[in-house]
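Work through the exercises below with the sequence and coordinates at hand. Each task is followed by a stepwise solution.

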Amino acid sequence: MNYDLIFDKAIDRLHSEGRYRVFIDILRNKGAYPNARCFAGHNGPKPITVWCSNDYLAMGQHPKVVAAMEEALHDVGAGSGGTRNIGGNTHYHIQLERELADLHGKEAALLFTSGYVSNDATLSTLARLLPGCVIFSDELNHASMIAGIRNSGCEKRVFRHNDVAHLEELLAAEDASVPKLIAFESVYSMDGDVAPIHAICDLAERYNALTYIDEVHAVGMYGERGGGISERDAAAHRIDIIEGTLGKAFGVMGGYIAADQRIVDCIRSYAPGFIFTTSLSPVLVAGVLASVRHLKASGEERAAQQAAAVMLKAKFRDAGLPVMDSTTHIVPLMVGDPVRAKRISDILLAEYGVYVQPINFPTVPRGTERLRFTPGPAHTEAMMTDLTAALVEIFDRLELSLQQAA
């Protein structure tokens, strides 16, 4: 058996399809985001502007967050020391879970080391605890949700994206006596569209199903206190489990669920992805705690980010660029080919100091490859004008017509 040959062929396939991923070597400039520096060549760091960060509100740079992390570091040290059950439960963790439960109007919350783990661990555990459970999953759900559903070993039904009528067909066809769980996202990050939460909850009530919503691209971003789309649409009380991340709008790292005490206690007690892993560093938790508290009280960052997204979409549209329809802060630009998407990204970085990564399969379906821009509160109109001009020049240079791209 030639193991090296097998591995080489696997990587060669990615290269031949134009979707081999290259990690760009960068450092953000503290306090000056979206300015950063890139170590792409041999002449030292090159200044760049970051356009694809999920630190949507630049809270990873916020003075309150940085100060809280520094204070925790000097107070308790770097690591947590173990799992939550053995040595890794700190007062910071308890405080943050209380804040997150309050953010979503739930009885309790539970921290995980990432949003991926919170989805995988919670969905797989829930389904195992519910005998004969059937999960109904939106076809565009994140890979972590798909992994959790697969790892549960339960039956699943996939409904067409945001298609409530198809979801009802599937629910109606199922045995009324079996446990059911509807899993979906609030904001779908690659297209920037939003789920019909109330319509899904109506079906859940009609067919006696639990509801599970992934709010990772919405927490901190929407609602009066940053509770997400479910808060904005006054639907949080209708959702059984709300899942979110601490690494996007909150600017640090981690994931969580918020639900009633009974559900949280079951996940805490049965989920291997929670039980058998070292807990988040208290330094990280302290930073998130400061971020959550700030964004509960401040809408300034949310308003500035939304204004930036509206402006960039308008500039792209006015320039004839193939910007996809999006009702949220996500600004996707359709390219439709992995090689061209990578080429555009490379030129932007090398010649214009613009950092945006191509989004390829399996993150999006083949033939829908794109560039995904996430303008933040600190992206200026001048930056957007320069970016738009650069994209127009590159599209023209590559003889990539807007009709081809769209």
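**Exercise 1: two helices**

On the other side of H14 from its buried residues, Asp386 and Asp396 are exposed (exposed is over 50% relative accessible area, buried under 20%, partly exposed in between, with a 1.4 Å probe and protein chains only). The model is predicted, so local features need pLDDT of at least 70 and side-chain atom pairs pLDDT 80 or more, while totals for chains, interfaces and linings use all residues. Residues are numbered from 1 along each chain as its sequence is written, and side-chain values use heavy atoms, without hydrogens or water.

Task: Check the span of H14 and locate its buried residues.

Solution.
1. Helices are DSSP runs of H or I with at least four residues, strands are runs of E with at least two, and both are numbered from the N terminus.
2. The expected span is 1.5 Å times one less than the number of residues. For the 17 residues of H14 (residues 381-397) this gives 24 Å, and the end C-alpha atoms are 24 Å apart, which agrees.
3. Met384, Leu387, Thr388, Ala390, Leu391, Ile394 and Phe395 are the buried residues of H14.
4. Viewed down the axis, these buried residues fall within an arc of 165°, so they line one face of H14 (the arc is taken over directions from the helix axis to the C-beta atoms).
5. Glu399 follows H14 and has a positive phi, near 55°.

Task: How many residues of H4 are buried?

Solution.
1. H4 covers residues 115-129, and its end C-alpha atoms are 21 Å apart, in agreement with the expected 21 Å.
2. Buried residues of H4 include Gly115, Asn119, Leu123 and Ala127.
3. The count is 11 of 15, so H4 is largely enclosed by the rest of the structure.

**Exercise 2: pockets**

Task: Describe the largest pocket by volume and lining.

Solution.
1. On a 1 Å grid over the protein atoms alone, a pocket is an open set of points where a 1.4 Å probe fits, with protein on both sides within 12 Å along at least five of seven lines; lining residues have an atom within 4 Å of a point.
2. The largest pocket has a volume of about 1,400 Å³.
3. Of its 48 lining residues, His142, Ser189, Met190, Ile359 and Thr363 are the closest to its centre.
4. The lining divides into 21 nonpolar, 15 polar and 12 charged residues (nonpolar: Ala, Val, Leu, Ile, Met, Phe, Trp, Tyr, Cys and Pro; charged: Asp, Glu, Lys and Arg; polar: the others, Gly among them).
5. H4 is among the elements that each supply at least two residues of this lining.

Notes
Points joined across faces, edges and corners; volume = space filled by probe spheres on them.
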